[in-house]
Amino acid sequence: MKMERLVLGACSAIALSLAGAAGAETLTIATVNNGDMIRMQKLADDFTSKNPDITLDWVVMEENVLRQKVTTDIATKGGQYDVMTIGTYEVPIWAKQNWLVPLDNLGTDYAVNDILPAIRKGLSVDGKLYAAPFYGESSMTMYRKDLFQKAGITMPDAPSWSFVADAARKITDKSKELYGICLRGKAGWGENMAFLTAMGNSFGARWFDESWKAQFDQPEWKKTLSFYVDLMKDAGPPGASSNGFNENLALFQSGKCAMWIDATVAASFVTDPKESKVADQVGFALAPDTGLGKRSNWLWSWALAIPASTNKQASAEKFIAWATGKNYIDLVASKEGWANVPPGTRTSLYENPKYVEAAPFANMTLQSIRQADPENPTVKPVPYVGVQFVAIPEFQGIGTAVGQQFAAALAGQASVDQALKNAQQITERTMAKSGYPKK
Amino acid sequence: MARAVSTRRMLVLTAIGWTIGLVLFFPIVWTILTSFKTEGEAIASPPSFLFFNWTLENYAEVQSRSNYLKHVMNSVVISLGSTALALAIAIPAAWAMAFSPTRHTKDVLMWMLSTKMLPPVGVLIPIYLMFRDTGLLDTRLGLVIVMTLINLPIVVWMLYTYFKEIPADILEAARMDGASLRNEILFVLAPMAVPGIASTVLLNIILAWNEAFWTLNLTAANAAPLTAFIASYSSPEGLFWAKLSAASTLAIAPILIMGWFSQKQLVRGLTFGAVK
């Protein structure tokens with residue numbers, strides 16, 4: 001009898017453990033390598049302890065490598081990933097291809113209406129949310145308060161491009177390796193073209209008119225590019241055509257730039273005394289305008305989406321609800337402090353006095369994000385979605401090719417007119433090959 | 001007098017040799033040094049060579065974020081597996097082409113080499129689809145097959161070149177003594193071609209170890225080797241040089257140590273038959 005019980009008990013234990021193992025589901029999550037995502041990876045024990053039947057496998061990549069991998073996988077229905085980190089560029093394109101699962105089942109306490117409207121709009125197609133924002137960013141002006149004070153200039157909260165250019169020229173002292181302004185120059189659709197497209201918006205420029213005709217032959221682009229090239233020649237650092245985010249970050253942190261207009265996420269780096277020599281001297285203002293009603297700030301969000309090829313949708317939804325929900329923000333705040341919570345996604349965060357106190361750049365980030373409208377990015381109407389990009393599959397190729405022309409103009413290898421002429425030809429040719437205007 | 005000139009010449013040649021060696025090795029030294037700096041010091045201008053606050057925090061960060069040993073194991077299995085498979089195919093192929101050539105042998109060799117001229121991305125989608133349908137995505141076996149196929153032309157070419165240096169008369173003598181084909185290859189050809197085979201093995205391991213296009217595109221969480229491990233430490237937004245350097249140092253360490261111990265074989269193999 002005793003023996004029977006033992007055998008029965010052992011069998012039950014084995015059966016239970018097998019059932020547990022069979023029920024355990026592994027989610028493969030593809031993410032980009034940035035501070036907020038790495039923090040999420042470190043805090044994921046909180047999710048697995050609440051969901052013991054789910055284990056997590058992480059694939060962390062540099063964003064361009066990740067984009068290539070996940071695009072190949074989703075386009076071929078490879079099914080290697082259950083949760084993908086994608087940006088506001090991919091969401092409208094992929095959702096229209098039915099490659100993504102709409103996120104309408106994230107739970108009753110998810111508070112989807114708390115997501116900042118501009119970000120939600122950028123991640124939705126036909127009113128349906130296809131990716132949940134993990135963090136959001138815009139761009140803004142970061143400047144050195146000490147240098148401005150020394151030059152007797154006061155930075156307004158909402159500067160114009162003419163003010164920024166005058167101040168940059170006044171502060172520049174090339175003999176001391178001090179440059180008035182640092183801007184992106186490295187060619188790439190996500191590098192110089194992110195900045196220049198957003199800058200062009202403030203000058204009234206647009207990539208395409210309503211019938212998808214390229215617009216680089218219009219006066220607004222000539223004004224934009226001439227202004228940029230002249231300003232960088234007079235007040236920018238040498239070799240600016242090789243500078244992207246990281247190069248300008250290094251220049252600003254080492255005290256060589258008086259102004260830097262770039263992603264709002266940079267604010268936490270330049271104010272970090274461990275990494276920045278000028279941490280206590282940094283002020284923030286909106287990205288500049290020219291009085292036409294649009295500022296030169298962009299809108300980006302890294303968001304979590306579920307590919308239609310996964311067969312673990314329910315677990316993936318649970319994970320996304322955890323990682324992008326309000327409770328995750330509280331979890332980060334309790335473990336790592338309010339300054340380290342992922343910014344730019346939820347209205348409630350900016351109403352939280354603890355966050356506003358811990359992050360001096362919070363208000364400027366919120367204002368910058370609010371001012372960006374992905375459906376009406378520039379002064380004139382456009383047929384596309386996207387502030388600093390055009391959400392069509394052809395854009396990565398065209399954007400980088402045009403970026404190379406503009407980088408050549410900045411480096412002095414081509415005139416502004418020649419660069420614009422080439423940009424127009426490249427864009428017209430690719431769009432014609434792709435069958436635009438679509439009927 | 002002649003001895004003095006010769007000594008001076010030796011000194012100059014030694015100095016030139018050391019200079020070239022140090023210049024070539026400098027990027028690796030710099031990577032190792034950067035891995036012990038903070039992110040702020042890694043981008044400091046002007047950079048400091050030795051006088052900085054040495055820290056192990058980047059290694060600690062890399063250890064806490066990644067499963068280094070899993071990536072090492074994947075790299076070892078993929079590079080050794082693909083080398084073994086490539087040798088098993090290439091030795092008979094090179095033997096046939098070296099000792100029983102036909103009028104098409106040269107064309108076949110050129111055709112094999114021409115497959116290396118196609119940019120890999122051109123066949124990414126077909127291979128990805130084949131792997132998806134055969135369940136080979138994100139598996140070591142899949143990568144062993146791909147690495148074998150992409151390195152096979154080089155392995156065949158190298159072995160063919162070495163085998164050509166071995167006099168056919170020796171093999172003929174073995175055959176006259178009654179050696180079977182298997183014994184001829186295993187006990188006559190292989191021992192004489194050991195330096196050539198050894199250097200081919202080493203080169204193939206290094207090529208498979210460093211390959212980054214296929215290993216990045218065909219893997220996710222399970223079979224990702226050290227190339228994917230390094231790629232996860234680069235970022236377009238944020239400082240990453242010190243952590244990337246620590247990851248790179250850890251990734252190149254095994255192959256560097258292996259190369260160090262086997263350099264004698266490698267040099268002997270690469271110069272095999274160079275001087276007659």
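Visitor: Leaving aside its neighbours within four places in sequence, with which residues is Glu375(A) in contact?
Guide: In this predicted model, Glu375(A) is found in the loop between helix H17 (362-371) and helix H18 (395-411) of chain A. Once neighbours within four places in sequence are set aside, the contacts of Glu375(A) are Lys121(A) and Val385(A).

Visitor: Does Glu375(A) count as buried, exposed or partly exposed, and why?
Guide: A residue is buried with 20 or more other C-beta atoms within 10 Å of its own, and exposed with 12 or fewer. Glu375(A) has 13 C-beta neighbours inside 10 Å, and therefore counts as partly exposed.

Visitor: What distance separates the C-alpha atoms of Glu375(A) and Ser434(A)?
Guide: Along the chain, Glu375(A) and Ser434(A) are 59 residues apart. In space, the separation of their C-alpha atoms is 22 Å.

Visitor: How many residues of domain 1 of chain A are in contact with domain 2 of chain A, and how many of domain 2 with domain 1?
Guide: The domain assignment places 25-130 + 300-358 of chain A in domain 1, and 138-298 + 374-433 in domain 2. The centres of these domains, taken over C-alpha atoms, are 29 Å apart. The contact between them involves 8 residues of domain 1 and 10 residues of domain 2.

Visitor: Which helices of chain A each supply at least two residues of the side of domain 1 that touches domain 2?
Guide: By class, this side of domain 1 of chain A has 5 nonpolar, 2 polar and 1 charged residues. The helices that each supply at least two of its residues are H5 (90-96) and H6 (117-122) of chain A.

Visitor: Which element supplies the largest share of the side of chain A that touches chain B?
Guide: Between the chains, 30 residues of chain A are in contact with 25 residues of chain B. Helix H2 (35-42), strand E2 (54-61), helix H4 (63-75) and helix H11 (245-253) of chain A each supply at least two residues of this side of chain A. The largest share, 5 residues, comes from E2(A).

Visitor: In which helix of chain A is confidence lowest?
Guide: The mean pLDDT of chain A is 91, and 95% of its residues reach 70 or more. Confidence is highest in helix H10 (residues 219-235) of chain A, at 98, and lowest, at a mean of 50, in helix H1 (residues 2-23) of chain A. Over residues 13-22 of chain A the pLDDT is below 50, and beyond near neighbours in sequence this stretch has 0 contacts in the model. Where pLDDT is low, the predicted coordinates should not be read in detail; the helix asked for is H1 of chain A.

Visitor: How many helices and how many strands does chain B have?
Guide: Of the 276 residues of chain B, 34% count as buried. The C-alpha atoms of chain B fill a box of roughly 75 × 70 × 30 Å along the principal axes. The secondary structure of chain B comes to 14 helices and 0 strands.

Visitor: Why does the span of helix H13 of chain B agree with its number of residues?
Guide: Helix H13 (residues 241-261) of chain B has 21 residues, so at 1.5 Å a residue the expected span is 30 Å. The end C-alpha atoms of H13(B) agree with this, being separated by 29 Å.

Visitor: At which residue of H13(B) does a kink of about 40° lie?
Guide: Several residues of H13(B) are buried, among them Trp241(B), Leu244(B) and Ala251(B). The kink in H13(B) lies shortly before the proline Pro254(B), at Ala253(B).

How values were computed: Residues numbered from 1 in each chain as written. Chains lettered and ligands numbered in written order. Predicted model: local features only at pLDDT ≥ 70, side-chain atom pairs only at ≥ 80, totals over all residues. Contact = placed C-beta atoms within 7 Å. Helix = DSSP H or I, 4+ residues; strand = E, 2+ residues; numbered from the N terminus. Domains from an automatic or database assignment. Nonpolar A, V, L, I, M, F, W, Y, C, P; charged D, E, K, R; others polar. pLDDT = per-residue confidence, 0-100. Expected span 1.5 Å × (residues − 1). Bend = angle between axes of the 7 residues up to and from the residue.
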